[in-house]
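This briefing covers one protein model, shown below. It goes through the sheet, the cores, selected residues and the salt bridges.

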Amino acid sequence: MIELPELYNLLSIAISAAVRAGFKILQVYNSDDFQVNLKSDRTPLTLADRLAHEEIKNSLSKTFIPVLSEEGRNILYEERKSWDYFWIVDPLDGTKEFIKRNGEFTVNIALIYEHVPIAGVVYVPVTGKLYFSLINEGAYLADNLLPTEDYSESVESIKKLAIRLPLATNRENFIIVESRSHSTPETIEFINRVQYKYKNVELLPIGSSLKMCLIAEGKADLYPRLSLSNEWDTAAGQAIVEGAGFSVKEYETNERLMYNKEELINPWFIVSNGRLNI
């Protein structure tokens with residue numbers, strides 16, 4: 001594996017790219033011209049997606065590590081399967097929430113090594129929240145880090161202002177986060193079973209990888225995703241969750257969620273901090 005000093009450098013590059021992409025996203029968010037188109041899978045694509053993709057791609061290209069992005073997904077498995085390291089990027093996770101202007105969207109960047117996320121960045125442009133993690137170094141939250149066009153900071157300097165995750169909590173209730181836009185009958189049935197077993201369970205609908213980040217923070221306990229998702233939707237969030245000491249596991253096998261599969265579609269999975277015995 002890459003030595004720790006170089007991993008710090010790579011994470012610094014990813015954080016700076018995410019924050020600068022956030023600046024581009026907010027320029028569109030605060031305008032009246034989203035330029036919404038539909039992709040082949042009928043999901044929306046905006047000008048903000050495209051601008052964020054270009055910003056991140058240009059920044060990460062300096063690392064000479066391959067980049068797999070939602071907006072540049074058409075890389076053949078024959079090429080990908082030989083990658084030991086690669087970046088996986090969702091330039092704007094929660095495009096539907098972006099279009100609704102509810103603020104629940106993120107920039108996601110993860111570094112994958114041998115199918116596992118070893119570093120992750122989740123940035124929330126509207127609030128300036130920055131979640132980041134590095135293998136064996138933990139997960140952190142830096143608040144009020146508002147985006148700028150030329151942002152560039154080191155991980156070391158950001159860590160001085162950040163809080164290690166999870167945060168302390170003494171909640172007696174249980175909180176399940178669920179998708180605002182991707183609920184399914186199977187998810188509802190699963191949640192009903194949990195609510196039957198544990199009476200003090202609350203539901204919190206929220207968009208994007210914020211669901212995973214809330215579990216890493218300690219503000220939520222469970223996120224069942226019993227519907228399709230793609231690898232770029234989850235890699236950065238998984239890095240944050242695992243950095244906080246929690247788990248992201250396949251629903252059927254209870255195995256860790258892995259990356260760079262031939263098909264870039266995730267199986268159903270469960271994100272948990274272990275408080276609920278399911």
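Which residue in strand 7 is the bridge partner of Val-121? It is Phe-132. The model is a predicted one. Its open sheet has seven strands, and its largest nonpolar core has 45 residues.

**Sheet**

- The strand order of the open sheet is 3-4-5-6-7-8-9, with mixed pairing.
- Strand 3 (67-69) and strand 9 (163-165) are the edge strands; each has a single partner strand, so one side of each lacks a neighbour in the sheet.
- On average, neighbouring strands of this sheet are turned by 20° against each other, direction ignored.
- Strands of a sheet pair through backbone hydrogen bonds, in either a parallel or an antiparallel sense.
- For strand 6 and strand 7 the sense is antiparallel, with six bridges, and the pairing of Val-121 with Phe-132 belongs to the bridge partners found here.

**Helices on the sheet**

- Helix 1 packs on the sheet and touches strand 4, strand 5, strand 6 and strand 7. The direction of helix 1 makes about 30° with that of strand 6.
- Helix 7 (residues 210-217) also packs on the sheet, where it touches strand 5, strand 6, strand 7, strand 8 and strand 9. The direction of helix 7 makes about 70° with that of strand 7.
- Helix 7 is mostly covered, with eight of its eight residues buried. Among them are the charged-type residues Lys-211 and Glu-217, together with Leu-210, Met-212 and Cys-213.
- Gly-218, just after helix 7, takes a positive phi of about 100°.

**Nonpolar cores**

- Within the largest nonpolar core, the residues that touch the most other members are Ile-15, Trp-87, Phe-98, Ile-109, Leu-130 and Phe-132.
- At least two residues of this core come from each of helix 1 (4-29), helix 2 (47-60), strand 4 (85-93), strand 5 (106-113), strand 6 (116-124), strand 7 (129-134), strand 8 (138-142) and helix 5 (155-159).
- Helix 1 supplies the largest share, 14 residues.
- Beyond its neighbours within four places in sequence, Phe-132 is in contact with twelve named positions' worth of surroundings that include Leu-11, Ile-15, Val-121, Tyr-140, Val-155, Ile-158 and Ile-240.
- A second, separate core has 37 residues, including Ile-215, Ile-240, Leu-257 and Val-271.

**Two buried residues**

- Glu-97 is located in helix 4 (residues 95-100). Its relative accessible area is 3%, so Glu-97 counts as buried.
- Apart from neighbours within four places in sequence, the contacts of Glu-97 are Asn-102, Gly-103, Glu-104, Phe-105, Arg-180, Ser-181 and Gly-207.
- Pro-117 lies in strand 6 and is buried, with a relative accessible area of 5%.
- Not counting residues up to four places away in sequence, Pro-117 touches Leu-111, Ile-112, Ala-235, Gln-238, Ala-239, Glu-242 and Tyr-259.
- Pro-117 and Pro-267 are separated by 150 residues in sequence and by 16 Å in space, C-alpha to C-alpha.

**Salt bridges**

- Side chains of opposite charge can pair when their charged atoms come close.
- The count of salt bridges comes to 13.
- Asp-221 and Arg-171 meet through their side chains in a salt bridge of 2.9 Å, N to O. Asp-221 is in the loop between helix 7 and strand 12 (222-225), and Arg-171 is in the loop between strand 9 and strand 10 (174-179), so the pair ties together parts 50 residues apart in sequence. Both residues, Asp-221 and Arg-171, are buried.
- Asp-221 also forms a salt bridge with Arg-275, with the closest N and O atoms 3.2 Å apart. Arg-275 lies in the segment after strand 16 (269-272), so this pair ties together parts 54 residues apart in sequence.
- Asp-221 has 0% relative accessibility and counts as buried, whereas Arg-275, at 33%, counts as partly exposed.
- A network of salt bridges with shared partners joins Arg-20, Lys-24 and Glu-55.
- In the salt bridge between Arg-193 and Glu-189, the closest N and O atoms are 3.8 Å apart. Both residues lie in helix 6 (residues 185-197), four residues apart, about one turn of the helix.
- Arg-193 is partly exposed at 42% relative accessible area, and Glu-189 is partly exposed at 48%.

Definitions and conventions:
Residues numbered from 1 in each chain as written. Predicted model: local features only at pLDDT ≥ 70, side-chain atom pairs only at ≥ 80, totals over all residues. Heavy atoms only, no water. Core = buried A, V, L, I, M, F, W, Y, C linked by side-chain atoms within 4.5 Å. Buried < 20%, exposed > 50% of the residue type's maximum accessible area, 1.4 Å probe, protein only. Contact = heavy atoms within 4.5 Å. Pairing = 2+ DSSP bridges. Axes fitted to C-alpha atoms, helices over the stretch in contact; angles between N-to-C directions. Salt bridge = Lys/Arg side-chain N within 4 Å of Asp/Glu carboxyl O.
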